[in-house]
Amino acid sequence: MSLLIGEHGEALLYGVVGIMLVCIICLVCSSKWKGMSPSYKTELSPSNREFANSAKDRYPTIESDDVIYADYKDTNFEFRDYVKARDYRGHDISDDLKIFGSVDILRKNVYRLKCVVKSENLVCTKYVNVVVE
């Protein structure tokens, strides 16, 4: 231990002093950092709050299982047959459904697909895993 302190004591002392300085600076500046952060990150503005309340029950929905199983080398597999989209009134809007990602039926794997549907400027997103086995 004395060898360590003898050779590296000065570097250790500077390290401890540096850590103490960082802690003191953080304590002094923490209230100023909160004041600098934009308010939209911490609370909704009045116009957003009104929009959120009026649109609460108007979002579209995506109906699907979280995991879909597909048979290996099944060329008849179509992912869209397992996913449906509806607007808040219950009308089928599956034609507006966009699917990001792909499934390779010729390779056993787990594929993650992102499904997005937009209705009346409101968006619903759902991730679905497709297991090819």
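Buried here means under 20% relative accessible area, a cut-off worth having in hand for the first close-up. The views below all come from a predicted model.

**View 1. Asp 87, an acidic residue tucked into a loop.** Asp 87 sits between β3 (84–86) and β4 (98–100), in the loop that links them. Its relative accessible area is 9%, so Asp 87 counts as buried. Who keeps Asp 87 company, leaving aside residues up to four places away in sequence? Pro 60, Ile 93 and Ser 119 all touch Asp 87. There's a polar partner to look at as well: a polar atom of the Asp 87 side chain lies 2.8 Å from the backbone nitrogen of His 91.

**View 2. The whole chain, for orientation.** Step back for a moment and you'll find two helices and six strands in the protein chain. Reading from the N terminus, the order is α-α-β-β-β-β-β-β. Of the 133 residues, 21% count as buried. The accessible surface comes to about 10400 Å², and carbon and sulfur atoms own 56% of that. If you take the contacts with a separation of 6 or more, 50% of them join residues 24 or more positions apart.

**View 3. The largest nonpolar core.** In soluble globular proteins, nonpolar side chains tend to be buried together. Here the largest nonpolar core has 18 residues. Which of them touch the most other members? That would be Ile 62, Phe 77, Phe 79, Leu 97, Cys 115, Val 117 and Val 130. Three strands each chip in at least two residues of this core: β2 (67–70), β5 (109–119) and β6 (122–132).

**View 4. Zooming in on Leu 97.** Leu 97 is one of the core residues that touch the most other members. Skip anything up to four places away in sequence, and the contacts of Leu 97 are Ile 62, Arg 80, Val 83, Ala 85, Cys 115, Val 116 and Val 117.

**View 5. Charges over rings.** Two spots are worth a look if you like cation–ring geometry. In one, the charged end of Arg 112 sits over the ring of Tyr 127, 4.2 Å from its centre. In the other, Lys 108 puts its charged end over the ring of Tyr 72, and the distance to the ring centre is 5.0 Å. As for rings meeting rings, the count is one aromatic pair.

**View 6. Lys 73 and Asp 74, neighbours in a loop.** Lys 73 and Asp 74 both belong to the loop between β2 and β3. Exposed or buried, which is Lys 73? Lys 73 has a relative accessible area of 51%, so it's exposed. Asp 74, with 25%, is partly exposed. The backbone of Lys 73 is the curious bit: its phi is near 65°, a positive value in a residue other than glycine. Asp 74 has a long-range companion in Ile 105, with their positions 31 residues apart in sequence but 6.5 Å from C-alpha to C-alpha in space.

**View 7. Glu 120, another positive phi.** Most residues other than glycine have a negative phi, and most peptide bonds are trans. Glu 120 isn't a glycine, yet its phi is positive, about 55°. Where does Glu 120 sit? Look in the loop between β5 and β6. Its relative accessibility is 40%, so Glu 120 counts as partly exposed.

Notes. Residues numbered from 1 in each chain as written. Predicted model: local features only at pLDDT ≥ 70, side-chain atom pairs only at ≥ 80, totals over all residues. Heavy atoms only, no water. Phe/Tyr/Trp six-rings, centres within 6.5 Å; stacked < 30°, edge-to-face > 60°. Lys NZ or Arg CZ within 6 Å of the ring centre and 35° of its normal. Core = buried A, V, L, I, M, F, W, Y, C linked by side-chain atoms within 4.5 Å. Buried < 20%, exposed > 50% of the residue type's maximum accessible area, 1.4 Å probe, protein only. Helix = DSSP H or I, 4+ residues; strand = E, 2+ residues; numbered from the N terminus. Contact = heavy atoms within 4.5 Å. Areas by Shrake-Rupley, 256 points an atom, 1.4 Å probe, with all protein chains shown as cover. Polar contact = N/O pair within 3.5 Å; in protein donor to acceptor, adjacent residues only side chain to side chain.
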